[in-house]
Amino acid sequence: MARIAVSTLVLVALVAGVAAYFLTGALLGSLPPLGWGWVTLPVVALIDVLLALRIRSAVSDGGVGQDRSQMHPLTIARCAALGQASAVLGAAAGGLGAGLVLYFAPRLGELAAAGAELPSSVAVLVSGALLVGAGLFLESSCETPPSDDDVGGLAQPT
């Protein structure tokens with residue numbers, strides 16, 4: 001499985017941010033308030049970090065294999081996919097939060113909704129950034145460590 005590209009995450013965040021900015025302006029009266037929905041993002045980030053630490057421990061202790069007492073390699077591959085999905089979700093949420101912050105911050109004095117929604121928008125932005133970091137950490141924890149035979153792609157001396 002190939003690692004997720006940073007450019008992909010930046011593109012997702014940019015598209016989400018631009019969409020949030022313009023759609024908020026067009027649909028401001030009909031949108032529901034953000035509320036506490038952002039709380040799920042740090043919870044998922046915490047789960048990602050705990051999984052990453054567990055996988056790193058299993059890899060360093062030689063606890064990866066087919067035995068019941070070991071972590072199955074397919075489980076690690078699934079966690080890598082979870083890490084990538086978390087990073088993309090975090091980028092989308094961070095972009096959404098950035099778009100909302102950019103919309104509401106300059107309008108604090110003229111919109112009553114701006115004062116009410118700005119704290120939640122900042123929380124979405126920060127939670128999205130945390131989730132991107134946790135997802136990338138989980139993905140990097142699932143990489144196969146280099147074997148002793150690998151010399152970094154260099155030709156071996158004869």
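## A buried tyrosine and its partner

Let's start with Tyr103, which is buried, with a relative accessible area of just 9%. Keep in mind that this is a predicted model. Tyr103 pairs up with Tyr21, and the two rings meet edge-to-face, at 5.6 Å centre to centre and with 75 degrees between the planes. What does this pair tie together? Tyr21 lies in helix α1 (residues 6-27) and Tyr103 in helix α3, so the pair links parts that are 82 residues apart in sequence.

Is Tyr21 buried or partly exposed? Tyr21 is partly exposed, because its relative accessible area is 28% and buried residues have to come in under 20%. Searching the whole structure turns up four aromatic pairs. There is also an aromatic cluster here, made of Tyr21, Phe22, Tyr103 and Phe104.

## Two nonpolar cores

Which residues make up the largest nonpolar core? There are nine of them: Ala52, Ile55, Ala58, Met71, Ile76, Cys79, Ala80, Leu138 and Cys142. Helices α2 (40-60) and α3 (73-104) each supply at least two residues of this core. Apart from it lies another core, this one with seven residues, including Ala20, Val101, Phe104 and Ala114. As a general point, nonpolar side chains in soluble globular proteins tend to be buried together.

Ile76, one of the nine in the largest core, is a handy residue to look at up close. Setting aside neighbours within four places in sequence, Ile76 is in contact with Ile55, Val64, Met71 and Cys142.

## A nonpolar patch on the surface

Not every nonpolar side chain here is tucked away in a core. Trp36, Val39, Val43 and Ile47 form a nonpolar patch on the surface, and together they have about 410 Å² of accessible area.

Take Ile47 as an example from this patch. You'll find Ile47 in helix α2. Its relative accessible area is 44%, so Ile47 counts as partly exposed.

## A buried glutamine

Back in helix α3, have a look at Gln84. Is Gln84 buried or exposed? Gln84 counts as buried, because its relative accessibility is 16% and the cut-off for buried is under 20%.

So what touches Gln84? Leaving out neighbours within four places in sequence, Gln84 is in contact with Met1, Ala2, Arg3, Ile4 and Glu139.

Notes
Residues numbered from 1 in each chain as written. Predicted model: local features only at pLDDT ≥ 70, side-chain atom pairs only at ≥ 80, totals over all residues. Heavy atoms only, no water. Core = buried A, V, L, I, M, F, W, Y, C linked by side-chain atoms within 4.5 Å. Buried < 20%, exposed > 50% of the residue type's maximum accessible area, 1.4 Å probe, protein only. Helix = DSSP H or I, 4+ residues; strand = E, 2+ residues; numbered from the N terminus. Contact = heavy atoms within 4.5 Å. Patch = residues over 30% accessible without salt bridge, like charges linked within 9 Å, V, L, I, M, F, W, Y side chains within 5 Å. Areas by Shrake-Rupley, 256 points an atom, 1.4 Å probe, with all protein chains shown as cover. Salt bridge = Lys/Arg side-chain N within 4 Å of Asp/Glu carboxyl O. Phe/Tyr/Trp six-rings, centres within 6.5 Å; stacked < 30°, edge-to-face > 60°.
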